[in-house]
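Let's take a walk around a binding site and see what surrounds the ligand. Have the model open and follow along.

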Amino acid sequence: MAVQTSEDTPRDAALEHLDADLGSRRLIVVTGKGGVGKTLVAAVLGRRLAAAGRRTLLLEVDRRENLHQLLAVPPSGGEVVAVEEGLYLQHLKPSRVVDWVVEKKIKLRPLIKRVQNSPVYQRFVEGAPGLTELAIVGHALRMVRGDFPKTPKIDTVILDAPATGHGLSLLRAPQLVAEAIGSGPFFDLAQEVAVFVENPTETGVVIVTLAEEMPVQEAIELRQGLEEQSAHRPQLLVVNGLYPPAPEGRAGGELEDLWRHRRKINERELERLEANWSGARVHLPLLAMDEGRQLVQALSEVFADGLEMDGSEHQAMEDGR
Ligand SMILES: Nc1ncnc2c1ncn2[C@@H]1O[C@H](COP(=O)(O)OP(=O)(O)OP(=O)(O)O)[C@@H](O)[C@H]1O
Ligand SMILES: [Mg+2]
């Protein structure tokens with residue numbers, strides 16, 4: 001994506017606004033219901049930001065580790081891997097990031113190992129509410145702050161948030177942990193991370209959905225939850241996997257009926273979003289392609305055309321532009 005001037009078409013201006021809006025964040029949390037295309041959208045957004053000059057890290061904490069396959073690079077194994085100019089990815093095991101929290105607070109190496117290997121610790125890590133989320137966001141903060149001397153400088157971390165329901169808890173957990181602890185060094189850490197993640201100018205939210213009843217419902221509820229429980233409002237809604245319009249008025253057999261049926265559901269849900277969603281929205285088609293770099297490339301190419309003008313204009317107006 002080249003740098004554009006706002007004298008171009010209204011779409012170019014809206015796109016420029018959206019890219020600037022996303023690019024100004026230091027953390028972008030990509031969330032939504034399971035299987036809707038969050039990982040794919042994270043990759044597409046990562047490429048956009050990198051192309052616009054933001055040094056961007058795609059951070060994946062899903063145990064299945066599939067971002068590298070999507071981008072055709074070697075698996076991260078915890079390391080930062082270069083994908084293309086300005087774009088990196090890193091896969092982290094959530095337990096590994098929690099270990100960091102402990103390491104930061106316990107300075108004696110032998111003691112760290114003893115703590116980490118103890119069954120009490122293992123149970124604590126798995127069971128303590130909010131600890132994993134705190135550790136993940138804490139890692140993102142350290143990356144953009146440049147706490148790791150050997151890794152490239154990162155401007156924005158795009159977090160491919162783990163499964164459903166975690167989007168909101170990621171944003172709220174650090175504060176809840178801080179409140180639960182009350183004081184001490186862990187409190188300071190949780191508080192620092194909470195300030196970062198709760199500040200909407202530092203941390204942005206992108207919601208991904210399919211135009212189907214349950215994912216749309218979840219996206220709307222997630223947005224309501226965000227607005228009620230935090231200062232965040234999503235910067236972008238990506239409506240992914242849209243069926244193309246089916247040919248009308250001919251008897252096309254079962255497959256065409258199925259196609260028409262799926263498309264009708266899409267249209268119904270798009271109308272529901274139209275009525276219930278304000279803010280930038282991008283529609284992405286369902287493509288007959290296997291998961292992989294080609295699919296990321298193809299979706300990147302149609303991203304601009306998928307920007308819904310009403311939503312983005314509304315957003316621009318609300319933002320006073
Ligand atoms: N627009 C699309 N066109 C074609 N295939 C798609 C599209 N969007 C997603 N897919 C495919 O759907 C599957 C799910 O996508 P993805 O893994 O990005 O979803 P997810 O939300 O990250 O899932 P999970 O919640 O399991 O992490 C993948 O196989 C992906 O390649
Ligand atoms: Mg995923």
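Start with helix 2, which gives the most to the shell around ligand 1, contributing 3 residues. Keep in mind as you look that this is a predicted model. Helix 2 covers 38-51, and it has company: strand 7 (236-242) and helix 12 (293-303) also supply at least two residues each to that shell.

So much for the elements; now for the residues. There are 17 residues around ligand 1, and the ones that come nearest are Lys 38, Thr 39, Arg 64, Asn 240 and Pro 285. Sort the shell by class and you get 7 nonpolar, 6 polar and 4 charged residues.

Where does the protein put N or O atoms close to an oxygen atom of ligand 1? Try Lys 38, where an N or O atom in the side chain is 2.7 Å from a ligand oxygen. The backbone joins in as well: a polar backbone atom of Gly 35 lies 2.8 Å from an oxygen atom of ligand 1, and for Val 36 the corresponding backbone distance is 3.1 Å. As for how covered the ligand ends up, ligand 1 taken alone exposes 630 Å², and the protein buries 79% of that.

Now step back to the space itself. Ligand 1 sits in the largest pocket, and about 470 Å³ of space lies in there. This pocket is lined by 24 residues, with Gly 35, Val 36, Gly 37, Lys 38 and Glu 291 the closest to its centre. Gly 35, Val 36 and Lys 38 should ring a bell from the contacts with ligand oxygen atoms.

Which elements build the lining of the largest pocket? Helix 2, strand 7 and helix 12 each supply at least two residues, and the largest share, 3 residues, comes from helix 2. By class, the lining breaks down into 12 nonpolar, 7 polar and 5 charged residues.

Notes. Residues numbered from 1 in each chain as written. Chains lettered and ligands numbered in written order. Predicted model: local features only at pLDDT ≥ 70, side-chain atom pairs only at ≥ 80, totals over all residues. Heavy atoms only, no water. Near = heavy atom within 4 Å. Polar contact = N/O pair within 3.5 Å; in protein donor to acceptor, adjacent residues only side chain to side chain. Areas by Shrake-Rupley, 256 points an atom, 1.4 Å probe, with all protein chains shown as cover. 1 Å grid on protein atoms, 1.4 Å probe; cavity = no way out; pocket = protein on both sides within 12 Å on 5 of 7 lines; lining within 4 Å. Sits in = over half its atoms within 2 Å of the grid points. Helix = DSSP H or I, 4+ residues; strand = E, 2+ residues; numbered from the N terminus. Nonpolar A, V, L, I, M, F, W, Y, C, P; charged D, E, K, R; others polar. Points joined across faces, edges and corners; volume = space filled by probe spheres on them.
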